[in-house]
Amino acid sequence: MDSIVSIAAFYILAAVTVGSAVLVVAFKNLVHSVLVLAISFLGVAGFYLMLNASFIAMVQILVYAGAVCIMVVFGIMLTQQGGMSGSNGFNKQIFASGGVVALLIAVIAYLGVNAGEWQISAKQVPHDTVGNIAVLMLSKYMIPFEVAALLLLVALIGAVVLAKEVKAK
Amino acid sequence: MTLGPIGPSHYIVLSAILFSVGLFGVLVKRNAVSVLICIELMLNAVNLNLIAFSKYITPTEFIGQIFAIFVITVAAAEVGVGLAIIISIYRNKLTVNLDDFDWLKW
């Protein structure tokens, strides 16, 4: 990971990810926001590939860049009346929020950079990430895995019940 | 932090920036759907940290990657239910502007 290529890849991916994340907040049109949101998710998937987490990168592309973005677009279509321009405006707290967020970013970055030497492990990530995750999922983390499955089922039923058409009386 | 080899601090600063952009969006946007997608940005920043620590601190144990999968699961459920709630509120109020959601106001 010390080659010049990986360093360049890190900064290019960081520019793409952070730039499109800023555009998500800055765009006035909500549909454009979701488009750049997908680009930001793909940039994060690139970081996962750099971090030897190929399975998570694929899950990121499928679930976030695919499913979540499409679902959000459906949500926008079902809740928007009139035009799309100006559908994503700012409220009055913009300066107070900007101050709070700038403070937060400074504190986290300061603590992260000055945390001292990290105990970086000399080992490498095994190539077979899917196999290792599968073994852990069905042995040590079996109960959280089943609970996550149950959570998805409950969320699905809850979403259907909430969004069901109400009959006019 | 230097331009040298990429380490955990680089990823901490990057995910701090991503998290702060998402938090800013949550605080300042007027559209409820927009707030949901900014929460997704914040969850992505957390996942990035989890996987960076998984690689640099415990590369052979995969704990960070498994937690990232659970975070992605919960995020997907959250988007589904959140959008259903927004659609259901939209039926009552005919708006998704958060300034108009004032039923709980004193």
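# Worked exercises on a two-chain predicted model

In chain B, the mean positions of the 6 positive and 6 negative charges lie 6 Å apart. For that count, Lys and Arg are positive and Asp and Glu negative, with His and the chain ends not counted, and each charge is placed at NZ of Lys, CZ of Arg, CG of Asp or CD of Glu.

Some ground rules: this is a predicted model, where local features need pLDDT of at least 70 and side-chain atom pairs count only at pLDDT 80 or more, while totals for chains, interfaces and linings use all residues. Residues are numbered from 1 along each chain as its sequence is written, chains are lettered from A and ligands numbered from 1 in the order in which they are written, and side-chain values use heavy atoms, with hydrogens and water left out.

**Exercise 1. Find how far apart the mean positions of the positive and negative charges of chain A are.**

Step 1: chain A carries 7 positive and 5 negative charges.
Step 2: the mean positions of these two sets are 22 Å apart.
Step 3: set that beside chain B, where the figure is 6 Å.

**Exercise 2. Check the confidence of the model, chain by chain.**

Step 1: look at the overall scores, which are ipTM 0.91 and pTM 0.90.
Step 2: go to pLDDT, the predictor's confidence in each residue, from 0 to 100. Chain A averages 88, with 97% of the residues scoring at least 70. Chain B has a mean of 89, and 96% of its residues reach 70 or more.
Step 3: split by helix (a DSSP run of H or I, at least four residues; strands are runs of E, at least two; both are numbered from the N terminus). In chain A, confidence is lowest in helix H4 (residues 94-113), at a mean of 88, and highest in helix H2 (residues 30-50), at 94. In chain B, helix H1 (residues 8-28) is lowest at a mean of 91, and helix H2 (residues 32-56) is highest at 93.
Step 4: keep a rule of thumb in mind: where pLDDT is low, the predicted coordinates should not be read in detail.

**Exercise 3. Describe the fold of chain B and say why it is more spread out than a compact globule.**

Step 1: count the elements: chain B has three helices and zero strands, in the order α-α-α along the sequence.
Step 2: compare radii. The radius of gyration of chain B is 18 Å, well over the 13 Å that the globule rule gives for 106 residues, so chain B is more spread out than a compact globule. The radius is taken over C-alpha atoms, and the rule is 2.2 Å times the number of residues to the power 0.38.
Step 3: add the box, roughly 55 × 30 × 20 Å along the principal axes for the C-alpha atoms of chain B.
Step 4: look at burial. Of the 106 residues in chain B, 59% are buried (under 20% relative accessible area; exposed is over 50%, partly exposed in between; 1.4 Å probe, protein chains only).

**Exercise 4. Do the same for chain A: which elements does it have, and how spread out is it?**

Step 1: chain A has six helices and zero strands, reading α-α-α-α-α-α.
Step 2: its radius of gyration is 21 Å, well over the 15 Å from the globule rule for 169 residues, so chain A too is more spread out than a compact globule.
Step 3: the C-alpha box is roughly 65 × 45 × 25 Å along the principal axes.
Step 4: buried residues make up 34% of the 169 in chain A.

**Exercise 5. Work out whether A:Ser40 is buried or exposed, and what it touches.**

Step 1: place A:Ser40 in helix H2 of chain A.
Step 2: A:Ser40 has a relative accessible area of 1%, so it is buried.
Step 3: leaving out residues up to four places away in sequence, A:Ser40 touches A:Thr17, A:Ser20, A:Ala21 and, on the other chain, B:Leu41 (contact means heavy atoms within 4.5 Å).

**Exercise 6. Find where B:Phe62 lies and what is notable about its phi.**

Step 1: B:Phe62 sits in the loop between H2 and H3 of chain B.
Step 2: its phi is near 65°, a positive value in a residue other than glycine.
Step 3: for background, most residues other than glycine have a negative phi.
Step 4: B:Phe62 is also buried, at a relative accessible area of 1%.
Step 5: B:Leu94, in the segment after H3 of chain B, also has a positive phi, near 55°.
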